[in-house]
Amino acid sequence: MHSSPFPSPLPPSSVGSPSVLPWSVGSSSANPSAVLTAQSVTKSYGPTVALAGVALQIGAAESVAVMGASGSGKTTLLHCLAGIIAPDAGAITLLGPDGPQRVDTLGPEGRSRLRRQHYGFVFQQGLLLPELTAVENVALPLLLDGTDRRRAEAEAAHWLAVLGLAGLEARRPGQLSGGQQQRVAVARAQVGAPSVVFADEPTGALDSRTSEQVMTALLETTTGAGRSLVVVTHDERVAASCDRILELRDGLVVHERATLPQQDAHGQQVLVRGQQVAR
Amino acid sequence: MRTATRLSFLLLRRGGDASRMSLALPVVAFAVVTALALTVLGGARFFFTIEGMDAPIYQALAALAVTLLLIPLLTLCGSAARLSARRRDQHLSTLRLLGAPTRTITSMTVLESTVLAAVGTGLGIVGHVALAPLLGLLTFHGEQLGAGNILLGVGGTLACAVGLLVMAAASAVIGLRGVVVSPLGVRTRSEAPRMSWARAVAVVVALGAGLLASQALRIDQGTVALVSGIVVAFGLTMAVLNLVGPWVLGLVARVQVRRAGGRLVAERLLAARTVLDAPKAAWRQVSGVALTSFVAVFAGVGVAVTNVMAAGAASTEEDLLLVDLRTGIVLTLVISFVTVAASVAVNQASDILDRRELFTSLERMGMSLESMDRARRRAVLSPLRVVAVGSAAAAGLLVLPLTGMVLLTDPLSLVIIVALLAAGIGVVWLALRATSPLLTRVASRV
Ligand SMILES: Nc1ncnc2c1ncn2[C@@H]1O[C@H](COP(=O)(O)OP(=O)(O)O)[C@@H](O)[C@H]1O
Ligand SMILES: [Mg+2]
């Protein structure tokens, strides 16, 4: 048996079962601890409906996996939540350090500042600047915001060390393996203390062993440090390492399930919660 | 071949914005190369048709100008070829996935590169014909050149066009063998070249020879001696510059990396790292200006000195020659900067296209694109400044007593050259600015 830090994949649950609960996931009854709240978010591209009214809540220090078939609207949802694009309708609220803030009504400039100050991002490929060293790549967001170079690089070096990359600070991305590059990207997402970290298929380009390492690192540095994490993934095992899994189909959250707390010593495959979402 | 043609057109039609852009860029680059090459050669050819006592001098000078402009033109040609090659890499992976046989890919690549070059060359010929009346207004030997003396003629034009096409096709074939081109995206991450012993010795020897040549310059032996002195000193010093150039740029960048700080720390750091990452590429991009800046000061000083020495006593012939030399210096400088600007525009545009994923991701992270843009501009302009000012200063120092004399007796001629250098840097800045909208468009694509 391999010694995976991941719990085993959860069996597909009650999708399609007749038991429909009378409440919908993330309904507007606001959870006071929710860092990010979305209500009836819609987004269309011409005739294509990418999001058909999504409601959800992301708790503080919670990790949420977003799953679903290709084209089901995962990336669009992530982009709306992260303020990369503006939804057509609906409300998205971030409870940042300075109180609640509407994300959906911000203009491009405001969204850009929001992303810079309150969010962290990890993409499928590291997308690091090839000329910069690892530590400079991680420090870049701070440098761009005017942080003193020595302080920025010290914070960057700290995160690299947390991610097990101590000693590799002066390497350039070309001199790092794919998994190491992705961990540099994870470190970059942590500088500046974001409230939420978004990751769109962060392990999509990695083999399963490396993807476990990256996912563990991502969880440790986010939820482990009190930050929330939203991960789009195709990988059941990646999803199972999160607190909660949302399943999208045709632009709707059709299913939500909580995963087993990771510290469960018996590794029992118990479905804590799983229900068909009322439409 | 028919499959190749059909596939080429399919990929062309299906290609997005960026794909069309990577088609347009080599075409534009080839057009600029062709127009400038034909015009330079046409102008030079004219001097080989003139007769009289001064004819050999004019011919030597024309040959010198062509030699000077050859390097920036070849650089531009190389940029165009590299761009075509990059399309090949994209096609290769696409077609491999589709299971196309290697032969189809080969024919497609050669076909495409040649067609792109042909279109560009055609446009360049049109540009050459359009430029001719304008440059025909220039006065040489006391007479207007006239458009007819700029045009290279049918034979020469055809030979030139065929040459360019062969070069394009050849570089495509060579690229296919994987010998020459590495995809732009995968930059070779070499350290700044070290100064080897051989290099150092070569530099010292060449410097000594250059000094001797400039020594010969000081004893005025008439114009022929002046010109041949210039040619020798110039050739040797250029060899030196080519050896030292990348090394110096790397050195400067290394210091800049260490020193980067202050309000624009991210931009400064990124720009310096870009140069340090590939000092040879940075040098290649701007070295065309090194040649001409050097010669502009060197020859400019020479002309001014001769002018002063010969004041009153000179024949009309010599007066005319000096005026023509000035015109030639200005013309060479202008053309070299235009060529470098074109090559910078092509390189930068293709660089942006290469890194569009990266720029998109940075935009998504909320990083300022303006900062990225500034860093990109700085990564070109900083080496350009070092090279243009450095070469000009090197030339000025090489003939220091003469430069000092000219500063006192004919400061205007030096002022003009300095103004031209500044304007040249401005043209390159404009070329960089022209590629900024592409960065914005590429990055904000959702
Ligand atoms: N920029 C866009 N323009 C047009 N259609 C888009 C765009 N982005 C996404 N879509 C469409 O919206 C739907 C959802 O896409 P996406 O959110 O990328 O899905 P997923 O990430 O789950 O694969 C798909 O049908 C896709 O084709
Ligand atoms: Mg997606």
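I take a cavity to be a set of grid points where a 1.4 Å probe fits but cannot get out. The model I examined under this rule is predicted.

**Entry 1: cavities**

I looked up the enclosed space and recorded 10 cavities of 30 Å³ or more. For the largest cavity I noted a volume of about 510 Å³. Which residues lie nearest its centre? I listed B:L61, B:A65, B:G328, B:L331 and B:T332, from a lining of 33 residues. I then traced the lining back to its elements: helix 2 (17–47), helix 3 (55–98), helix 9 and helix 10 (316–354) of chain B each give two or more residues. Helix 10 of chain B gives the most to this lining, with 9 residues.

**Entry 2: confidence**

I checked how far the prediction can be trusted by its own scores. The complex carries an ipTM of 0.78 and a pTM of 0.77 from the predictor. For chain B I noted a mean pLDDT of 78, with 75% of the residues at 70 or more. Which elements of chain B mark the two ends of the scale? Helix 6 (residues 197–218) of chain B has the lowest mean pLDDT, 59, while helix 8 (residues 265–277) of chain B has the highest, 92. I also marked residues 178–195 of chain B, where the pLDDT is below 50; this stretch nevertheless has 37 contacts in the model beyond near neighbours in sequence.

**Entry 3: nonpolar cores**

I turned to the largest nonpolar core and counted 159 residues in it. The members that touch the most others are A:Y119, A:F198, B:F337, B:M372 and B:V428. Helix 9 (residues 279–309) of chain B gives the most to this core, with 16 residues. I noted that both domain 1 (1–182) and domain 2 (208–446) of chain B supply at least three residues to this core.

I followed B:M372 further. With neighbours within four places in sequence left aside, I found B:M372 in contact with A:L140 and A:L144 of chain A, and with B:L270, B:F359, B:L362 and B:M367 of chain B. Apart from the largest core lies another one of 11 residues, including B:L76, B:L164, B:A342 and B:V346.

**Entry 4: helix 11 of chain B**

Two of the contacts of B:M372, B:F359 and B:L362, recur among the buried residues of helix 11 (residues 356–364) of chain B. I recorded the buried residues of this helix as B:L358, B:F359, B:T360, B:S361, B:L362 and B:R364. After helix 11 of chain B comes B:G366, with a positive phi near 90 degrees.

**Entry 5: a polar residue in chain A**

I placed A:Q182 in helix 5 (residues 178–190) of chain A. Is A:Q182 buried or exposed? I class A:Q182 as buried because its relative accessible area is 2%, under the 20% limit. Leaving out residues up to four places away in sequence, A:Q182 touches A:V122, A:F123, A:Q124, A:Q125, A:G126, A:P202, A:L206 and A:V214.

**Entry 6: positive phi outside glycine**

I looked at two residues of chain A. A:A61 has a positive phi near 55 degrees and is not a glycine. I located A:A61 in the loop between strand 2 (48–59) and strand 3 (63–68) of chain A. With a relative accessible area of 30%, A:A61 is partly exposed.

For A:D250, also not a glycine, I noted a positive phi of about 50 degrees. A:D250 sits in the loop between strand 9 (244–249) and strand 10 (252–258) of chain A. I class A:D250 as exposed because its relative accessible area is 60%, over the 50% limit.

Note on methods. Residues are numbered from 1 along each chain as its sequence is written. Chains are lettered from A and ligands numbered from 1 in the order in which they are written. This is a predicted model: local features need pLDDT of at least 70, side-chain atom pairs count only at pLDDT 80 or more; totals for chains, interfaces and linings use all residues. Side-chain values use heavy atoms; hydrogens and water are left out. pLDDT is the predictor's confidence in each residue, from 0 to 100. Helices (H or I, at least four residues) and strands (E, at least two) are DSSP runs, numbered from the N terminus. Contact means heavy atoms within 4.5 Å. A nonpolar core is a set of buried Ala, Val, Leu, Ile, Met, Phe, Trp, Tyr and Cys residues joined through side-chain atoms within 4.5 Å. Buried means under 20% relative accessible area, exposed over 50%, partly exposed in between (1.4 Å probe, protein chains only). Domain bounds come from an automatic or database domain assignment. On a 1 Å grid over the protein atoms alone, a cavity is a set of points where a 1.4 Å probe fits but cannot get out, and a pocket is an open set with protein on both sides within 12 Å along at least five of seven lines; lining residues have an atom within 4 Å of a point. Grid points are joined across faces, edges and corners, and a volume is the space filled by probe spheres set on the points.
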